[in-house]
Amino acid sequence: MKKEQIITRIRETGLVAVVRAENHDKAFRITEACLKGGVPAIEITFTVPGAHKVIEALASRFGEDEIILGAGTVLDSETARIAILSGAQYVVSPSLNLDTIRLCNRYRIACMPGAMTIREVVECMEAGADIVKVFPGELFGPRIIRAIKGPLPQAELIPTGGVSVENAAEWIKAGAVALGAGSSLTEGAKTGDYNKITETAKLFIQKIKEARGI
């Protein structure tokens with residue numbers, strides 16, 4: 001699938017599930033729960049032990065019509081290449097690393113580096129980022145999106161950190177093209193309640209649609 005299609009699907013869905021887990025099995029079960037809840041965009045972070053193996057397993061288990069598979073917490077181009085070879089269709093970073101963006105653009109893989117300030121957002125855009133990850137979002141809340149979009153209406157932004165079902169609509173109305181949700185979406189895994197993850201995913205999607213007037 002071409003990277004333009006990946007980006008379009010992420011925009012349309014409006015939510016990326018940020019998966020952090022202690023092991024392969026838990027990451028896999030969180031992913032399955034999110035998919036059941038209508039969230040195909042899954043970001044396996046490289047804080048997960050053996051993250052590239054999790055990505056490989058998911059790429060083998062699910063088809064492109066079922067999952068939009070990404071790698072998160074990618075700090076350098078070496079990790080990005082491992083993720084891509086394992087099956088990642090997009091790469092997410094907490095900050096801007098030029099070598100990572102160059103590598104992703106070389107292989108036409110969607111890249112979402114992190115930024116917080118106006119200067120960082122502009123640098124990400126100039127470097128060729130497809131979408132800029134506003135992180136950590138909890139520092140300012142949804143107002144940071146509106147503030148950035150003032151001078152940079154062309155910026156495509158996806159906040160991560162501080163995103164919840166309760167404020168999902170506010171983020172979208174502020175101008176976010178999609179949302180990145182981690183613990184607020186996947187916390188059910190802590191107690192083994194994967195049905196809770198599925199139900200929370202459904203609520204997220206509902207709130208995003210309502211905010212978009214769909």
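## Close-up views of a predicted model

**Figure 1. The lining of the largest cavity.** Val16, Val18, Glu43, Val92, Met112, Lys133, Ile158, Thr160 and Gly180 line the largest cavity. The model shown here, and in every figure below, is a predicted one. How much space lies in the largest cavity? The answer is about 40 Å³. The structure holds one cavity of 30 Å³ or more. Sort the lining residues by character and you will find five nonpolar, two polar and two charged.

**Figure 2. The largest pocket.** Here we turn to a pocket with a volume of about 440 Å³. Its lining is made up of 24 residues, and Val18, Arg20, Gly182, Ser183 and Thr186 are the closest to its centre. Val18 may look familiar, as it also lines the largest cavity. Three elements give two or more residues each to the pocket lining: α2 (24–36), β9 (179–181) and α9 (183–186). Which element gives the most? That is α9, with three residues. Overall, the lining of the largest pocket has eight nonpolar, nine polar and seven charged residues.

**Figure 3. The second largest pocket.** This pocket has a volume of about 160 Å³. Ile6, Glu64, Leu69, Gly87 and Gln89 are the closest to its centre, out of 14 residues that line it. By character, the lining divides into seven nonpolar, three polar and four charged residues.

**Figure 4. The largest nonpolar core, with a look at Ile44.** In soluble globular proteins, nonpolar side chains tend to be buried together. The largest nonpolar core of this model has 64 residues, and Ile44 and Leu179 touch the most other members. Helix α10 (residues 194–212) supplies the largest share of this core, seven residues. A second, separate core has 14 residues, among them Ile6, Ile10, Ala41 and Val177. Now find Ile44 and look around it: beyond its neighbours within four places in sequence, Ile44 is in contact with Val19, Thr31, Ala51, Val54, Ile55, Leu58, Leu69, Gly70, Ala71 and Gly72.

**Figure 5. Helix α1 and its buried residues.** Which residues of helix α1 (residues 3–13) are buried? They are Lys3, Ile6, Ile7, Arg9, Ile10 and Thr13. Looking down the axis of α1, these buried residues fall within an arc of 160 degrees, so they line one face of the helix. Two of these names, Ile6 and Ile10, also belong to the second core. Just after α1 comes Gly14, which takes a positive phi of about 85 degrees.

Notes. Residues are numbered from 1 along each chain as its sequence is written. This is a predicted model: local features need pLDDT of at least 70, side-chain atom pairs count only at pLDDT 80 or more; totals for chains, interfaces and linings use all residues. Side-chain values use heavy atoms; hydrogens and water are left out. A nonpolar core is a set of buried Ala, Val, Leu, Ile, Met, Phe, Trp, Tyr and Cys residues joined through side-chain atoms within 4.5 Å. Buried means under 20% relative accessible area, exposed over 50%, partly exposed in between (1.4 Å probe, protein chains only). Helices (H or I, at least four residues) and strands (E, at least two) are DSSP runs, numbered from the N terminus. Contact means heavy atoms within 4.5 Å. The arc is that of the directions from the helix axis to the C-beta atoms. On a 1 Å grid over the protein atoms alone, a cavity is a set of points where a 1.4 Å probe fits but cannot get out, and a pocket is an open set with protein on both sides within 12 Å along at least five of seven lines; lining residues have an atom within 4 Å of a point. Grid points are joined across faces, edges and corners, and a volume is the space filled by probe spheres set on the points. Ala, Val, Leu, Ile, Met, Phe, Trp, Tyr, Cys and Pro count as nonpolar, Asp, Glu, Lys and Arg as charged, and the others, Gly among them, as polar.
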